[in-house]
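Here are my notes for your review. Please read them beside the model.

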Amino acid sequence: MTTEIKLPFDKEYVSSFSKDMGEPAWLTELRLNALANAENLAMPKPDKTKIDKWNFTQFEKHIVGSEDFASLNDLPEDVRNLIDLEAGDQNLYIQRNNRPTHLSVSKELQGKGVIFTDIFTAAREHSDLLQKYFMKDGVKTDEHRLTALHAALLNGGAFLYVPKNVEIAEPIQAVYIHDNKEANLFNHVLVVADDNSSVTYVENYVSTVEEANGIFNIVTEVIANANAKVQYGAVDTLAKGTTAYVNRRGVAGRDARIEWALGLMNDGNTVSENTTNLVGDGSFGDTKTVVVGRGEQTQNFTTKVIHFGKNSEGYILKHGVMKDSASSIFNGIGKIEHGATKSNAEQESRVLMLSEKARGDANPILLIDEDDVTAGHAASVGRVDPLQLYYLMSRGISQKEAERLVIHGFLAPVVNALPIEGVKRQLTAVIERKVK
Amino acid sequence: MAGSVLTIKDLHVAIEGKEILKGVNLEIKGGEIHAIMGPNGTGKSTLSSAIMGHPKYEVTGGSITLDGKDVLEMEVDERAQAGLFLAMQYPSEISGVTNADFLRSAINSRMEEGNEISLMKFIRKMDSKMEFLEMDLDMAQRYLNEGFSGGEKKRNEILQLMMLQPKIAILDEIDSGLDIDALKVVSKGINEMRGEDFGCLIITHYQRLLNYITPDHVHVMMQGRVVKSGGPELAQRLESEGYDWIKQELGIEDETVGQEA
Ligand SMILES: Nc1ncnc2c1ncn2[C@@H]1O[C@H](COP(=O)(O)OP(=O)(O)OP(=O)(O)O)[C@@H](O)[C@H]1O
Ligand SMILES: [Mg+2]
């Protein structure tokens, strides 16, 4: 049964907002259709986590006013730490709540035809290209209430397009700053890597407010066309009190590769969905996820790789630590569709609980509809071994430091294997902060 | 003051409600090497665990002091800071934490904040001790004890001993599972530590270790007590004659814990 809801914004508001933003007609229409659907569609049902009491729909402000920063040096310290201020020719987008506040794209990339811009500018200036990919093959507006609401109320995001045969060595970075307690974010990131191209994109959702009730409805679509390679890194650090739905989805074409390096470090309640559709023959998907839960938060992490193409390979590696009264579900799904012969689906999920009150559950699922494949999974959920702590403490190490070592040690196999150096560095710092 | 003194008086220890140690008395001073021998299951590891503060062992009576300070009041890390060290019979494996990071953290735990050992100095010290113990330098970057062979684990315990320089060390079966070359190296490490400021309690089943490290005192444990003490000649007699003569002397039929004389 789907309960109907009253949304805080109606179609007059949405169409006038779309008009104010100078959006093309197709986008206005997409928003309005989605809005109409949002009231009736069901909520998503993340396996084993009840979210019906979570507030994803009732809030006051769609847009909050934000000032620009005078210069990069005036960014909050937490943000400055994420970027390389010395780098001359950087590719960097910074968004403050809903406001695009900084964009730099190197001359070199511009020359090669790379597009990197905020989502509103993309809608105005690259309407056809955006329309071709926006919520088409990746995430669809009518999957459930949250994707519909996302499309209807889209109020931030970025678009990255890498033309055929362009290979970009330096990571492209985006930082989404949350520094207003009244802000709610419906952020959309669309990365399209055309045939034979390669790119690394790294993003941060970072709250600089201590605590806020904001709603975050975030969708990422990665489209890797034939033989393209996309490395997608993210470190999320949204504040306590926030409610987040984060859906990051990739579609890999023939021989394409999508590699995710995700540090899911929010302090609020979070549903995080990461799916890679291996559509093309010979495509490859790899997801590495690190999680630290603390406080009272409840989280659900569903990582899915779906094999359609022959000879496709999918890997999931996910380690999480739960402190305090944090509770989380780790769903790992490897699905091999009929016809995806010679495919390989592997996954490993491990959860370490640090306190009596912490809860963690790992559910590895393999759904295989084809005989000629290989697959494997490993999962474990456990508490810190008191004998390990005893051993460390018997050398003079305090309990806190011993726990810190055990946590770093537990997460190290994933952190060390992350394909993006910058993400590795950021994550190590966030983990350090969170386990203190 | 030359060395430290570890004093154990009438120590009673239970595990999961079962009394294992039934009144152990022992005093170890800086400069002295003690050996404890005794058949399996007589409480030797229980004694060492109780001294270090193993979470499963409950002290139900008696006292342990180090230079007069109540050890039983201290947390495990405080006992180590006070100068105690235990080379464990079965060292834990800790995945993801390198040997070097672990040892540096252990050394720094003894330093004032802001006064930590420099990385260079640490590496130099660790390299030299590893060379002394004829260890492969790669072991520094391996995860702590993970996948180490039995002998490598024991050697790694001695490396920690040499890096941390405790006042009183307890070595629980440090010689078990060692081949003859490793036994020599481990003995060399322990002998290197010998001095006025270092007291040591060696738990062993074999005289062969004591051929390399001559003890000042030898004790025999049975039924959760020290039932006999003597000099190095006691260990030699045990090696050649076994434990039966002591059992006869004391009228003990079953030497394991739980059997009363
Ligand atoms: N969890 C436990 N529950 C019950 N009895 C236990 C437990 N742990 C140890 N014991 C018993 O305590 C006794 C003493 O064990 P301890 O390990 O101290 O012996 P040990 O002298 O070190 O023997 P070994 O020479 O074989 O190492 C043994 O009988 C053992 O079975
Ligand atoms: Mg023992």
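The points below cover the ligand site and then a sheet in the same model.

1. Status. This is a predicted model. Every distance and area below is computed from it.

2. Shell. Ligand 1 is surrounded by 14 residues. The closest are B:Gly41, B:Lys44, B:Ser45, B:Thr46 and B:His205. By class, the shell holds eight polar residues, four charged and two nonpolar.

3. Polar contacts. Three are worth checking by eye. The side chain of B:Lys44 places an N or O atom 2.8 Å from an oxygen atom of ligand 1. For B:Ser45, it is a backbone N or O atom that lies 2.8 Å from a ligand 1 oxygen. B:Gln89 uses a polar side-chain atom, 3.3 Å from an oxygen atom of ligand 1.

4. Burial. Ligand 1 exposes 650 Å² when taken alone. The protein buries 70% of that area.

5. Pocket. Where does ligand 1 rank by the space it takes? That space is the second largest pocket. In chain B, β2 (18-29) and α1 (44-52) are the elements that give two or more residues to the shell. The most comes from α1(B), with three residues.

6. Sheet. Chain B has an open sheet of four strands, in the order β2-β1-β4-β5. Pairing is antiparallel. β2 of chain B thus deserves a look in two places: it gives residues to the shell around ligand 1, and it is a strand of this sheet.

7. Edges. Why is one side of β2(B) and of β5(B) left without a neighbour in the sheet? Both strands stand at the edges, and each has a single partner strand, so one side stays unpaired. β5 of chain B spans residues 69-70.

8. The β4-β5 pair. Strand β4 of chain B covers residues 57-66. Two bridges join β4(B) to β5(B), and the two run antiparallel. B:Thr65 stands opposite B:Asp70 of β5(B).

Technical notes. Residues are numbered from 1 along each chain as its sequence is written. Chains are lettered from A and ligands numbered from 1 in the order in which they are written. This is a predicted model: local features need pLDDT of at least 70, side-chain atom pairs count only at pLDDT 80 or more; totals for chains, interfaces and linings use all residues. Side-chain values use heavy atoms; hydrogens and water are left out. A residue is near a molecule or strand if one of its heavy atoms lies within 4 Å of it. A polar contact is a pair of N or O atoms within 3.5 Å; within protein, one must be able to donate a hydrogen and the other to accept it, and residues adjacent in sequence count only if both atoms are side-chain atoms. Accessible areas come from the Shrake-Rupley method with a 1.4 Å probe; for residues, only the protein chains shown count as cover. On a 1 Å grid over the protein atoms alone, a cavity is a set of points where a 1.4 Å probe fits but cannot get out, and a pocket is an open set with protein on both sides within 12 Å along at least five of seven lines; lining residues have an atom within 4 Å of a point. A molecule sits in a cavity or pocket if more than half of its atoms lie within 2 Å of its grid points. Ala, Val, Leu, Ile, Met, Phe, Trp, Tyr, Cys and Pro count as nonpolar, Asp, Glu, Lys and Arg as charged, and the others, Gly among them, as polar. Two strands pair if DSSP finds at least two bridges between them.
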